[in-house]
Amino acid sequence: MTMHVYEFEIYPDEGVFGVEPFELEGGTCGADFDEAVLMASDWLRAMMEGYDIHEIPLPRATFGHRPNHRGGKIVCI
């Protein structure tokens, strides 16, 4: 199994924590920061399976992003 690492921004948003990846379309959310990290991990795994099944080339991951949202934190998943 190939490992993939991407940066995500996790930020507070109306009572939940939004999760947005860089380089990939979509996102998810969690009830708190810890759950948001777990949801990001699950989301990335599902996305990678979809890319693999459909033989779609993966976008190149880049690192060193800054938050786009107030209170956002960058995490690597």
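**View 1. The outward face of helix α1 in this predicted model.** On the face of α1 turned away from its buried side sit the exposed residues D34, L38, D52 and I53.

**View 2. The buried side of α1.** Here we meet A36, A40, W43, L44, M48 and Y51, which are buried. They span an arc of only 135 degrees around the axis, so they lie on the same side of α1. Why might that spacing work? An α-helix has 3.6 residues a turn, so residues three or four places apart point the same way. What covers these buried residues includes β1, β2 (16-21) and β3 (28-30).

**View 3. α1 from end to end.** With 21 residues at 1.5 Å each, α1 should span 30 Å, and its end C-alpha atoms are indeed 30 Å apart, so the two agree. At the start of α1, look for D32: one of its side-chain oxygens comes to within 3.3 Å of the backbone nitrogen of D34. After α1 comes E55, with a positive phi near 55 degrees.

**View 4. The largest nonpolar core.** This core has 13 residues, and those with the most contacts inside it are Y6, F8, V19, L24, L44, M48 and I77. β1 (7-13) and α1 (33-53) each chip in at least two residues, with α1 giving the most, six. Zoom in on L24: leaving aside neighbours within four places in sequence, L24 is in contact with Y6, W43, L44, M48, Y51 and P59.

**View 5. Two cysteines, C29 and C76.** C29 is partly exposed, at 39% relative accessibility, and C76 is partly exposed too, at 49%. Searching the whole structure turns up zero disulfides.

Key
Residues numbered from 1 in each chain as written. Predicted model: local features only at pLDDT ≥ 70, side-chain atom pairs only at ≥ 80, totals over all residues. Heavy atoms only, no water. Disulfide = S-S within 2.5 Å. Buried < 20%, exposed > 50% of the residue type's maximum accessible area, 1.4 Å probe, protein only. Core = buried A, V, L, I, M, F, W, Y, C linked by side-chain atoms within 4.5 Å. Helix = DSSP H or I, 4+ residues; strand = E, 2+ residues; numbered from the N terminus. Contact = heavy atoms within 4.5 Å. Expected span 1.5 Å × (residues − 1). Arc of directions from axis to C-beta. Polar contact = N/O pair within 3.5 Å; in protein donor to acceptor, adjacent residues only side chain to side chain.
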